[in-house]
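User: I'm new to this structure and want to learn how to read it. Please start with how a helix gets covered by its surroundings.

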Amino acid sequence: MDIEGWSPTNPIKKESWRTVLTLAYQSLGVVYGDLSTSPLYVYKSTFAEDIQHSKSNEEIYGVLSLVFWTLTLIPLIKYVFIVLRANDNGEGGTFALYSLLCRHARVSTLPNGQLADEELYEYRKDGIAQANKGLGFRLKSTLEKHKLLQKILLTLALIGTCMVIGDGVLTPAISVFSAVSGLELVVSKHHHQYIEVPVACTILVFLFYLQHYGTHRIGFLFAPIVITWLFCISAIGLYNIFYWNPHVYKALSPYYMYKFLKKTQTAGWMSLGGILLCITGSEAMFADLGHFSQLSVKIAFSFIVYPSLTLAYMGQAAYLSKHHVIESYYRIGFYESVPANIRWPVLGIAILAAIVGSQAVITGTFSIIKQCSALGCFPRVKIIHTSSKVCGQIYIPEINWILMLLCLAVTIGFRDTKHISNASGLAVITVMLVTTCLTSLVIILCWNRSAILAIFFIFFFGFIEALYFSASLIKFFEGAWVPVALSSIFLIIMYTWHYGTLKKYEFDLHNKVSINWFLSLGSKLGIVRVRGIGLIHTELVSGIPAIFSHFVTNLPAFHEVLVLFCIKYVPVPHVRPEERYLVGRIGPKEYRVYRCIARYGYRDVLMDNVDFEKDLVCSIAKFIQSHYGDCNNSSDENLENEEQMDVIGTTSTHAKGIEIWQDDKESSEVSSITELRDMRSPEVSMKRVRYLVPESDTNSRIELEELVEAREAGMTFILGHCYVKAKSGSSLIKRMVINMGYDFLRRNSTSATYELNIPRASTLEVGMIYHV
């Protein structure tokens, strides 16, 4: 089953329990690989502090109680029962929450929103209406009025995103290193790290090398590996409970948490950073929600993962409660509690489970970087889709090798789980704190629930997470500085790119060409019109960009059909194919100038060059057909009023609704051949269609014939090569950000996806300097 290929146009049937259970099975391999491997290092990291294991077992019981209630309160209650409901049309994660808030409170910092976007199918969540009074309305108004609050909200979302990227570095390191730590039981304790580090690094290099093949080739093994691992740790846990200490269940009482913290005091508080690792990977339940469904994720965690992890931690505690003589803290690791005759098989399964868990985190990092790039918060990177059937499986070469180098540096630099766990813990809890803050805003702004509920949510879960955050932050110089450093670097990159993109758009917005100047050029636009279609790329969604006048003064001729084309991402996960394009006319009909806006969600895949040309021509043709009865007047109104633009679908949506036309008198084809794909068929079927124009409409027929003739003559892509510079009088910081930071990122970022597929012989670039 395609776990990522479904969309709102191909929804999962809620009533089908077979489908739900199948998705629950598959989610075990994609979502819970990281969370299920946490028993490898939780106790070891916790007792790495100055906590002495006494014969009274109060320390072991206290840690078990803390682990149990942390697992219960955060993943089970917070995520499964509350946060999973705060999804963006089935999509989860930090940017999904931010996208949801942007639509309900209009806090997006990019000013390219249109009223037509609010009519998209996924723009509003079903059953949620806007409040017109109360705290939610006042909070919404406050956020919309104050730019500073909008920047703070964006910064909060970016911090959470940066910590997720940092987790993509730390999780593979600690998971793989902890998995291979079982080698310490078969070699000298003085030499085990000399074997563990090379083995861990070899596995990590192999793991990152495999990324360019995509997970679809070996993804079918993920769920069986994780299920086998969960079965192993739960079976070993049951064995240890009944063999060593059947009364260990008493430690689940919260009273033992109180006794533990009272006895250990400062050392116990610092050990919370190790206990925190038991919920590593919980955020994946929400971040990977778009690949599955709420019910499937809930079933998998509640009935399989949660009981298995509880038994695993109880079994380790039961074993340790009868083994008080511990030579060194690493002897408290997971493998010590595994019966000696099955340690080698368990070691092999643990390494495979660690690879699966790391794989999920790495691909999750790719996905969130793609989302950030789509919403203008990350430099453009080369995105390779590793599967033709599963749109969510992507590979980003630059990010993959950067993650690998950073991961190897962390592994070689620290060489133990103590420092790596300190770093991983801070990254994990920071993401959870951001999710808590954003979810509390969703409760008020999107769900229209009472402020008391939102305040209780943020104070209850925020207090618990803040306690863990403080315990992790106190270890700043013992490894916790790593995610802070990584996040700071990525945050500077993301904010610099976003700021430069915003200033560039504002320059275009404030320097638009006036309609009077455009109309004064006449139908020839002041220069010669030659055959063909000229596609002028612009980021403006309304008005004529300043670079158009630059083209007029620098180009000797324009094509007979001009299209101002804009690719715009809207804050929704997916845009339906039938809602893809907004098409309008600029100037009178005889000017033959059109505007076409292609709208995409932050998880959508851009079309390739061939489909792009077909869809563009077809969308303009459909617009001409729908407006064949309009009078031939000036489009001052059409130019300035975005409501005049029509929503046109892709060619695949015309399979049954499109009209076919041909000149019966001359029996000749007057349209270009357009291939249509039937999206409902598992196999792509190719069809040839022609547009049918009513015999009575001569003007529309002429306009369509000119469009077809222009397409047959060829399409030229006219691109503006913009150099962004800070205007004179700007502050030193702004000059550094724009002239150095943004310019460096722009020169080293990848061209837009559709530009990569354009034949260079069909491209015309004109340079222009933007003084922002």
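Analyst: Let's begin with helix 21, in what is a predicted model. The cover over its buried residues includes helix 19 (481-510), helix 20 (515-520), strand 3, strand 4, strand 10 (715-725) and strand 11. Helices (H or I, at least four residues) and strands (E, at least two) are DSSP runs, numbered from the N terminus. Buried means under 20% relative accessible area, exposed over 50%, and partly exposed in between (1.4 Å probe, protein chains only).

User: Which residues of helix 21 are buried?

Analyst: The general idea first: an α-helix has 3.6 residues a turn, so residues three or four places apart point the same way. Helix 21 spans residues 546-554, and its buried residues are Ala546, Ile547, Phe548, Phe551 and Val552.

User: What should I keep in mind about the numbering and the model?

Analyst: Residues are numbered from 1 along each chain as its sequence is written, and side-chain values use heavy atoms, with hydrogens and water left out. As the model is predicted, local features need pLDDT of at least 70 and side-chain atom pairs count only at pLDDT 80 or more, while totals for chains, interfaces and linings use all residues.

User: How does the pLDDT come out for the protein chain?

Analyst: pLDDT is the predictor's confidence in each residue, from 0 to 100. The chain has a mean of 79, with 81% of its residues at 70 or more. Residues 1-14 stay under 50, and the model gives them 31 contacts beyond four places in sequence; contact means heavy atoms within 4.5 Å. Residues 631-643 are also below 50, with 26 contacts beyond near neighbours in sequence.

User: How many helices and strands are there, and how much of the chain is buried?

Analyst: The protein chain has 26 helices and eleven strands. Of its 772 residues, 58% are buried. Among contacts with a separation of 6 or more, 84% join residues 24 or more positions apart.

User: Which strands does strand 4 pair with?

Analyst: Two strands pair if DSSP finds at least two bridges between them. Strand 4 pairs in the parallel sense with strand 3 (residues 528-537) over eight bridges, and Ile536 stands opposite Leu564 of strand 4. Strand 6 (residues 593-600) also runs parallel to strand 4, joined by eight bridges. There, Phe565 has Cys596 of strand 6 as its bridge partner.

User: Why is strand 4 called largely enclosed?

Analyst: Strand 4 covers residues 557-569, and ten of its 13 residues are buried, so the rest of the structure largely encloses it.

User: Which residues touch the most other members of the largest nonpolar core?

Analyst: A nonpolar core is a set of buried Ala, Val, Leu, Ile, Met, Phe, Trp, Tyr and Cys residues joined through side-chain atoms within 4.5 Å. The largest one has 162 residues, and Tyr32, Leu64, Phe301 and Tyr313 touch the most other members. Take Tyr32: setting aside residues up to four places away in sequence, its contacts are Ser27, Val226, Met285, Val297, Ala300, Phe301 and Val305. A second, separate core has 32 residues, including Val513, Ala546, Leu564 and Ile586.

User: Is Val42 buried or exposed?

Analyst: Val42 counts as buried because its relative accessible area is 0%. Val42 belongs to helix 3 (residues 42-46). Beyond four places in sequence, Val42 contacts Val67, Gly274, Ile275, Leu277, Cys278 and Tyr313. Thr417 is 375 residues away along the chain, yet the two C-alpha atoms are 9.8 Å apart.

User: And how should I read Leu764?

Analyst: Leu764 sits in strand 11 (residues 763-771) and is partly exposed, at 33% relative accessibility. Outside four places in sequence, Leu764 touches Leu555, Thr716, Phe717, Ile718 and Leu719.

User: How many cavities does the structure hold, and what lines the largest?

Analyst: Rolling a probe the size of a water molecule over the atoms shows where empty space is left. On a 1 Å grid over the protein atoms alone, a cavity is a set of points where a 1.4 Å probe fits but cannot get out, and lining residues have an atom within 4 Å of a point. Grid points are joined across faces, edges and corners, and a volume is the space filled by probe spheres set on the points. The structure has seven cavities of 30 Å³ or more, and the largest has a volume of about 440 Å³. Its lining has 30 residues, with Val164, Glu283, Ala284, Ala287 and Gly364 nearest the centre. Elements giving two or more lining residues include helix 7 (147-179) and helix 17 (417-445), while helix 15 gives the most, with seven.

Conventions
On a 1 Å grid over the protein atoms alone, a cavity is a set of points where a 1.4 Å probe fits but cannot get out, and a pocket is an open set with protein on both sides within 12 Å along at least five of seven lines; lining residues have an atom within 4 Å of a point.
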